[in-house]
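Trainee: Before we begin, may I ask for guidance on reading pockets, cavities and backbone features in a model?

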Amino acid sequence: MARALRAAPVPAALVVLVALSGVVLGRVYADPLLTRLMVGAAAGSVLVSVAARRLPSWLVAPVSVAALAGWTLLSLRLAAAHAALPGGLGEVTADAARNAIPRLLTAMIPVEPAPDTVLVPVVAAWLAGLTAAEVGLRAGRVLLGYLPPALLYAGVIYVVGPNADPAVGPSVLFAAVAAVGLAASARAADPAAAAGGLTPAVRLRLLAASAAGLAVVVALAALLAPVVAGQVDDRPVDPRRYVEPPRVESLDENPLIRISGWALHPEQRLLDVRTAAGSTDGVPPRIRLAVLSDYDGVTWRVGATYRNAGRILPAADPAPGATTDEVRQEITVAELTGRLLPAAPTPREVTGARVAYDPASGTLIRPEGLTPGLRYEVSSVRERPDPNQFPAANVPAGDAVARVLRVPDGAPEPLRRLAAQLAEENGAPYARADAIATFLAEHYRVTADAPSGHAYPNLTFFLFGPRNGGGQRGTSEQFAAAFAVLGRLAGLPTRVVVGFGPKADGPVRAADAYAWPEVLFDGVGWVPFDPMPRPDEAPRPVEEDFRPKPEDPPPSEVPPPTEEPTATPPAAASAPDRAHRGPGTPVLAGVGVGALVLLVGAVLATLAMLRRRLSRFRLDRGDPGRRIAGAWREVTDALRLAGHPVGPDLAAAEVAERAHRTLAEARAARLPDAARPADAARLFDAARPADATRPADAARPADAVGPAVVGAGANPGWASGPERGVDELAGLVNQAAFAPGSLDPAQADRAVAVAVGYVAALRAARSRRARLWWTVHPGPLRWHR
């Protein structure tokens, strides 16, 4: 019993060291569940090693891993129940195993304990405890056994980063427990010292040595601490900045463009809503889909940073004087697609779906995407500011709101003048916003078939285009986008929201989808505005309240000339105009044609040069075998250029036979009809040498055999040398393939000469246009690659 008590401090110290990592990491979690699970993993891993200390060392690891599997499954089950996640344990476990690390590093602070956010910490704590117990207890290396808990503790501090206060207390406790464990292990290893067997002189020397060592440590700490502290940033590095959070798809990045499509299919069923607890005034809230804060002159974009969140979402303090009420809704997805998750603003708790949340906009996404039949419950807090604060409310300024005040370059001048006119007539920020909404509502019409678009040209046409030509009408996309752009031009921080009209119960259809603008006021928050026209009011002409400023003064305002104008003959007056008018159309056409000719000539010259370089590379470089192969490629390329390509299934002798026939037919086609032989086959047989390998035939002059074999009226050069050597080249190709080491440079030179002669003869037998195209044809540059 006494021996067990003496050995207990070291395992206890290991359990505490590993458990402290759970305490530190639990500070960024929304619930103490993770700390409890990591403490259980620390205790379980060390106790398994202690219980199995009499077993062989090779058997301890499998036993501990089996216990780890059981504890991990229990932890995942508890976390799934805590987060109210749907699905069985197997499905939850597989999902957590696939996504544990990225979701842990992209989760929103505070992190909700869920299967994917507790799996890695629990497994890491168990493995650290197992390694520490085996090294510190079984091997007796206590100090070395502290290494796994120390590494785990350092990793936890790095993961927490700047998202929690410095862990001073746990760190001091970590060092103290480690020191106690070391002291206990030393006393257990030296029974004589534990029993007080040291003499007073030895104790005195030990006390003096300990005091001296402590003084050295304190002195080093005093000297080095300022230096080390100066090298450490005030704010720790957040590892989350190196991990990309879930992102929305391009369709979700700009859901404003979906308004026109939904307007054309108003009966499309997107959602089903059931309100469990509504607002106190009985008016159901709007359902928000996305908030668009970024505008580049072409497209409004979400631009949000979504981080994985748990069931409970972070809450924000309401504006002073605002009233709040809770809204709980059950939403079932029907035909809505994408990742954006609809919810009444502002959501505080979501069950039934795994979500990612952007606190800046208060919007949700489902990283896996929406699927038909997805059902989830969302509890939201609707905030209603005091309307009495609106007239005197100001708008914020500075870097914090620069994003929602930014006006992209290139804003059309009519938009700027309209915004300036509305701002001049209304000084207070709320009055300016209300004037913009009123102007849009009184002068424009809503139509479902208006084309989508909210770029500067689209908005200019919407605001100032002719009414009989399609202008001055649009969907809520154009109304909301025009309000937001005019508001920013008037100095108001604005954004565009896409969502659905108020719905308490029942289906939400495409006709319920619309966009509305919002303006940010100090001390009030984001206030929605309605620039849509009333259905029972006819729009007034825009020209009644807004007239573009003329570019030039009216004729009545032009000052009279101070001198009498001199009469100038028409010809003399038009001469300077012609001088400044620049070159005429014929000159420009000639320059264009000349430039085109030069460009075509440059391309053809480049192709011809590349063809010559390719031939030189094939015929002049490499060993004899490579040169013979290059000569053979020149011949096969020539046949292909002549319209008689050879396939890879033909033997070299068959290719040579086709080369003879191709050259004979090409020469026959060039002869006049009276001199052309009637039988091309007889012509080919006459032109083909009987035995190209015989020295006598090879050395015989071409014109010595031509008339004799072709007959009267044939060309004397009909069976000249090039085609007679193709058979010899085929033999050299076979020799290169089956006996490459037997070739010499002389044979390579002969193969090159035969190939050059044959290609030249075949090219010469073609028409002038074909010969020109032969020279610049790009085919050989890409064949045989």
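**Reading the largest pocket and other features**

Mentor: The lining of the largest pocket divides into 19 nonpolar, six polar and ten charged residues; here Ala, Val, Leu, Ile, Met, Phe, Trp, Tyr, Cys and Pro count as nonpolar, Asp, Glu, Lys and Arg as charged, and the others, Gly among them, as polar. This is a predicted model, in which local features need pLDDT of at least 70 and side-chain atom pairs count only at pLDDT 80 or more, while totals for chains, interfaces and linings use all residues. Residues are numbered from 1 along each chain as its sequence is written, and side-chain values use heavy atoms, with hydrogens and water left out.

Trainee: How is a pocket told from a cavity, and what volume does the largest pocket have?

Mentor: On a 1 Å grid over the protein atoms alone, a cavity is a set of points where a 1.4 Å probe fits but cannot get out, whereas a pocket is an open set with protein on both sides within 12 Å along at least five of seven lines; lining residues have an atom within 4 Å of a point. Grid points are joined across faces, edges and corners, and a volume is the space filled by probe spheres set on the points. The largest pocket has a volume of about 1,100 Å³. Of its 35 lining residues, Arg288, Pro345, Thr346, Glu383 and Trp526 lie nearest the centre.

Trainee: Which residues lie nearest the centre of the largest cavity?

Mentor: They are Ala114, Ala309, Gly310, Arg311 and Arg354, from a lining of 20 residues. The largest cavity holds about 190 Å³ of space, and its lining divides into ten nonpolar, five polar and five charged residues.

Trainee: Which peptide bonds are cis?

Mentor: One cis bond joins Ile109 and Pro110, with omega about 0°. Another runs from Pro345 to Thr346, with omega near -10°. Thr346 is in the loop between β7 (340–341) and β8 (347–351); strands (E, at least two residues) and helices (H or I, at least four) are DSSP runs, numbered from the N terminus. Both Pro345 and Thr346 are also among the residues nearest the centre of the largest pocket.

Trainee: Is Gln472 buried or exposed?

Mentor: Buried means under 20% relative accessible area, exposed over 50%, and partly exposed in between (1.4 Å probe, protein chains only). Gln472 has a relative accessible area of 4% and is therefore buried. Its phi is near 60°, a positive value in a residue other than glycine.
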